[in-house]
Amino acid sequence: MFNLDFICSFLASVIRVTTPLFFVSMATLVTRKAGLLNMATESMMLAAALTGVLVSGWTQSLLFGVLAGIVASAAVALIICYCAFKLKTDLYLTCIAVNTALSGGTTFAMYVFAHDKLYTLQVVHSKAFGNWNIPFIKDIPYLSTILSGHNILTYVSILGVVIMWFLIYKTRLGLRIRGVGENPRAAESSGVDPVKIYFISFLICSVYAAFGGMYMSMGYLSYFMRDMMSGRGFIGMSAMNVANAKPFLSMLTSLMFGFSQALANLMQLSNIPSEAVSMLPYISTVIILVVSSSIRMVLSLRKERAESKDYYDQPAD
Amino acid sequence: MKKIKQANALFEFIRIIAALLIAYAITLLLIVLITDDPIDAVYHFAIGPFTTKRRFGQLIGKFIPYLLTGTGMCFVYASNRFNLIGEGVYSLSGCIVAILAIKNAGIALPPALWIAILLIIGTLVGAAVGLIPALMREKLAIHEIVSSIMLNFALLYLTNYLIKTRVADTEITYLGSTMLPKEVKLTALVNGTNIHSGLFIGLLAVVVATVIFYRTSLGYHIRICGSNQEFAKVSGINIARSLIIAQVLGAAFSALGGAVDILGVYDRYMWTALTQMGFDGLLVAVLSKKKPQYVPLGAFLLAYMRTGATILNYKTDIPLEFVQVMQAVVILLIAAEQFLGKYKNALIFRLAKQEKGEKNV
Amino acid sequence: MSEDILSMEHITKVYENGFIANEDVSLSVRKGEIHALVGENGAGKTTLMNILFGFIPYQEGRILINGEEVHITGPLDAIEKGIGMVHQHFMQMPSLTVAENVVLGMEPVRGVIFDRQEAAKITQEISDKYDLKVNADDIVADLPIGLRQKVELLKALVRNCKLLILDEPTAVLTPQETEELFVQLKELKKNGFSIIFISHKLEEVMKLCDRVTVLRRGRSVGSGEIKDLTTAELSKMIVGRDVVTEIEKEKSEPKKDILSVEGLRCKNKDYVEVVKGIDLKVRAGEILGVAGVEGNGQVEVAEAITGMLIPSGGNIRINGKNIRGKTIKQIKDLGLSYISEDRLKYGCAPLMPIRENLMADRIDRKEYKKFGLFLDRKKIDDEVKQLIREYEIKCDDGEEEIRMLSGGNIQKVIVAREMSSGANLIVANQPTRGIDVGTTDLIRKTLIRKTREENVGVLLITSDLNEVLELSDRMIVMKDGQIVAHFNDVKKVSDEQLGEYMLGIRKMSPEEMEGLS
């Protein structure tokens with residue numbers, strides 16, 4: 001079973017399941033650079049996933065579907081921003097509320113428009129993103145299995161990481177986002193409106209999240225399913241946090257989280273009950289968070305301790 | 001200063017009412033848009049829960065677990081944490097209790113004692129699991145929203161796994177346990193309804209929580225930590241300890257809610273999807289402004305909204321889930337500092353000037 | 001006579017708790033003058049400037065710039081209208097470079113790309129033009145305070161602001177840096193800039209400024225030409241009473257050591273050593289005053305004693321017990337009380353009732369419990385009522401949320417708690433800053449009474465010279481993390497003498513500081 005072909009196709013599946021995490025980790029990265037944690041990327045993904053499926057189904061146009069998905073996701077971002085930054089509701093509370101609203105809202109909308117509360121499969125025949133074979137690489141054995149022939153959005157997601165890096169570190173907007181993230185009042189006194197930057201970073205976030213969501217419903221699967229993000233928004237954010245909001249490192253940590261997801265998918269085929277296997281991605285997320293935070297804690301404690309070494313090393317009185 | 005204080009209190013009240021009205025208006029709009037007979041729908045939704053004894057029983061049946069999850073979330077929310085593990089432990093506790101009850105059917109213990117033991121086990125299991133995200137937050141600074149939601153998914157699959165491998169009923173088409181034995185059922189207070197003796201447990205929990213909040217030093221510490229952590233630190237309060245206990249208590253109350261709900265309302269365990277109880281508890285805590293003594297009001301309101309939605313769901317073609325949107329709107333507006341803030345500031349300015357004028361005269 | 005560049009007329013600002021920060025305040029600044037805005041802490045200077053800079057809205061009054069009425073909607077708008085502000089706490093992003101900090105908000109770009117070279121060039125040009133020497137590519141976090149202030153000035157200059165607001169710019173500077181700043185400000189004046197100089201250091205105002213406006217308790221009480229005023233007249237306007245109000249106090253009879261500090265060294269958050277080996281002691285029945293320009297290590301000393309900051313060396317003993325390795329709670333139990341300078345952050349929980357705030361540090365004591373578990377509500381309420389009465393806290397009852405009180409009454413709640421905790425060492429950090437006269441008086445008298453009647457020792461850290469001279473039995477001066485002077489008899493100390501030590505012009509030898517430890 002464990003021959004080279006198998007390993008290659010497994011690695012390919014890792015990339016397949018990591019694709020939404022690439023999108024989500026970049027989505028949460030831009031808001032964290034602005035100094036905020038966006039706990040509602042799942043809502044944006046859900047909104048985009050459903051809208052994309054419905055609109056592309058009705059219009060039979062992938063482009064319209066994608067545009068509608070992005071608009072839906074951006075609308076969620078605007079609602080969050082309005083509540084959190086204009087009405088001054090606690091951001092976390094806002095995100096939790098919006099998550100619940102969208103979980104119920106998408107199910108509601110799915111029923112209204114597709115007359116089913118679980119899947120859109122029967123009613124809507126949406127367009128989907130196709131796969132892409134990379135020239136040259138597609139002819140190299142093994143490597144082609146791993147890297148080539150993925151959904152087009154997989155390559156978009158990798159491009160998205162590069163774009164995000166460029167945006168954050170090379171552009172004027174990126175400088176402003178980092179400035180606001182570090183000291184919002186200082187940015188304000190320089191004439192950069194933090195609230196505007198929050199809105200912009202949430203909107204950028206929503207575009208990334210929208211692609212993440214549409215990958216799930218129009219790439220990875222070809223239909224919308226109730227609550228289909230099942231924690232991916234949070235897993236992607238964890239990957240970004242473990243990587244300390246560094247774009248390329250976030251890619252690597254996303255792969256780590258994707259690996260456990262792919263492993264779980266693989267184990268579904270074995271005799272172990274699927275319910276037990278389904279726990280794997282979540283448990284491993286918790287474990288990775290605990291390990292990485294422990295390391296960070298120990299290092300900072302050690303540094304503090306070293307600074308106070310003379311103080312502690314005196315004889316007791 | 002008295003007038004200003006009154007103005008602030010008045011605005012708090014007006015804001016809650018206005019938030020509810022807006023939420024209802026949005027809901028009405030949704031209903032009107034999608035149904036052919038909006039008047040009928042609104043009737044079912046708004047008045048439905050009070051039309052028959054059975055329906056009112058349903059309402060109380062929902063009210064009981066909301067009392068418990070609501071008080072639990074009061075501890076969590078008052079300590080300024082958004083730990084949603086209450087959702088996961090709610091089903092875990094229900095699942096463990098159901099399995100124990102089924103596996104030990106016909107046990108030679110007085111039913112009251114056996115039920116008490118089951119409830120205690122459920123609560124303790126919940127508290128133990130609740131300790132995990134609390135420790136992760138207070139000792140490792142891992143955000144509690146992320147960890148609790150990850151654990152909620154894990155617990156969902158864990159409970160499904162346990163039910164499937166231990167007590168699955170193969171006669172039914174969906175995943176669920178076999179029937180719960182008669183002796184563990186909480187006594188019905190009104191026959192033919194969901195009103196069961198768990199009501200007393202729920203109300204007792206509210207009292208206990210209120211006592212802990214205002215009559216113990218732990219309650220003082222939790223509230224002070226939640227209100228201003230820096231100040232708590234300078235005051236010599238053990239912050240990590242207080243906050244961990246608050247979150248564990250939150251999980252314990254929620255777990256008790258799950259156990260009571262299973263033994264009170266259900267014939268078998270069948271929570272195979274997320275229960276939303278973490279969020280519902282949070283809504284109750286927000287509605288009651290983090291004060292456990294107001295939890296019954298918040299819990300009743302939510303139970304009423306949910307029952308109305310359920311009735312609407314089986315009477316018409318309107319799916320139940322819209323109520324989640326409505327709940328979210330309520331939370332967002334009630335917790336919004338600036339909602340109606342302009343009017344409040346104008347009023348306070350007027351009062352302050354007035355007062356100053358009176359003083360000078 | 002040149003016309004007004006700015007005039008603020010009849011400005012009124014009421015905060016949400018009903019506190020009136022500015023009432024009918026007027027201020028006018030002429031073109032090309034340095035205009036002093038003076039007043040005690042809490043007189044409403046910062047509020048007024050935050051209104052002018054668009055940070056906070058105001059309810060009444062109007063603002064005219066160059067004779068035209070304007071509505072300033074935010075800092076961005078203020079900058080566009082030519083107003084630049086140098087904040088007391090620098091508004092900077094420490095991890096970014098000088099150039100990035102300076103150009104933020106008006107960045108040069110090529111397409112969408114931020115143009116680093118151009119940013120550095122702009123910064124360097126403006127820095128050369130006004131002789132404010134900085135290196136554009138340095139990371140701000142690595143710069144000394146004086147240079148960081150220049151970055152703030154550059155930020156305003158590069159935006160072509162003609163009216164500069166400087167909020168207590170000298171509070172953080174050394175005397176040399178202050179001198180340098182004054183030269184630069186006069187240079188800017190010559191170049192046609194108008195400057196609002198906020199300060200409560202009168203000698204600086206007399207030396208630098210052309211005109212002055214005085215605020216007192218939220219109202220403007222007068223303005224005029226500096227050359228027509230004497231220091232005494234000006235200070236009278238500021239405090240509204242004769243400056244030297246002697247508080248009556250008996251001579252102290254110090255007893256055993258309560259606090260002893262040996263060779264204390266501390267680092268701040270950025271691991272920079274800010275306390276460089278100090279020794280001191282506080283004895284029962286005396287007040288040891290700590291004078292000094294803010295930011296010379298006083299806060300860190302207080303935080304080290306209270307256990308909020310772990311020192312990098314030395315020893316601290318309270319009532320003979322070393323506090324090393326002890327928690328804040330354990331240190332408090334050795335007999336320590338602490339009045340923090342940031343009362344809303346460390347001194348209280350603003351959203352909670354007065355009762356909870358008064359009881360925060362002692363609620364777990366046995367005396368408040370019944371059956372060892374539940375709180376004795378009656379006993380608590382009785383004590384709360386008594387404290388409210390004793391400290392004259394103006395409120396409805398103990399249920400009232402503390403944020404609804406005025407600043408003075410909030411401080412009374414904090415002082416009531418800390419003075420009644422049974423501790424015999426009180427560390428008071430700026431206990432009367434920004435507080436009305438009545439409350440200030442009450443707090444000062446209470447501190448003296450505690451030492452004289454109850455054998456308490458007080459470590460009083462304050463930047464208010466009046467306060468330190470009136471209250472202290474002994475006094476030290478801190479400069480750059482060291483003790484540079486110690487006076488056994490405070491009565492013999494003159495303002496001038498004290499100033500010289502505070503500014504680092506003079507320093508006592510160890511022999512001169514007899515009786516310090």
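Contact here means heavy atoms within 4.5 Å. With that cut-off in hand, a good place to start in this predicted model is helix H6 (residues 175-190) of chain C, which lies across strands E3, E9 and E10 of chain C. The direction of H6(C) runs at about 150° to that of E10(C).

These three strands belong to an open sheet of six strands in chain C, with the order E6-E9-E10-E3-E11-E12 and mixed pairing. At the edges sit strand E6 (83-86) and strand E12 (219-225) of chain C, each of which pairs on one side only. From one strand to the next, the twist averages 20°. Helix H1 (residues 45-52) of chain C also packs on the sheet, where it touches E3 (34-38), E6, E9 (163-167), E10 (194-199) and E11 of chain C. The direction of H1(C) makes about 150° with that of E10(C).

Towards the E12(C) edge, strand E11 (residues 211-216) of chain C pairs with E12(C) in the antiparallel sense, over six bridges. Here Arg211(C) stands opposite Glu225(C) in E12(C).

Two loop residues are also worth a look for their backbone angles. Asn319(C) is not a glycine, yet has a positive phi of about 50°; its place is the loop between strand E16 (313-318) and strand E17 (321-322) of chain C. With a relative accessible area of 25%, Asn319(C) is partly exposed. In chain B, Lys290(B), likewise a residue other than glycine, has a positive phi near 60°. Lys290(B) lies in the loop between helix H11 (277-287) and helix H12 (295-315) of chain B, and is partly exposed at a relative accessible area of 33%.

Methods. Residues are numbered from 1 along each chain as its sequence is written. Chains are lettered from A and ligands numbered from 1 in the order in which they are written. This is a predicted model: local features need pLDDT of at least 70, side-chain atom pairs count only at pLDDT 80 or more; totals for chains, interfaces and linings use all residues. Side-chain values use heavy atoms; hydrogens and water are left out. Helices (H or I, at least four residues) and strands (E, at least two) are DSSP runs, numbered from the N terminus. Buried means under 20% relative accessible area, exposed over 50%, partly exposed in between (1.4 Å probe, protein chains only). Two strands pair if DSSP finds at least two bridges between them. Axes are lines fitted to C-alpha atoms, for helices over the stretch in contact, and angles run from 0 to 180 degrees between N-to-C directions.
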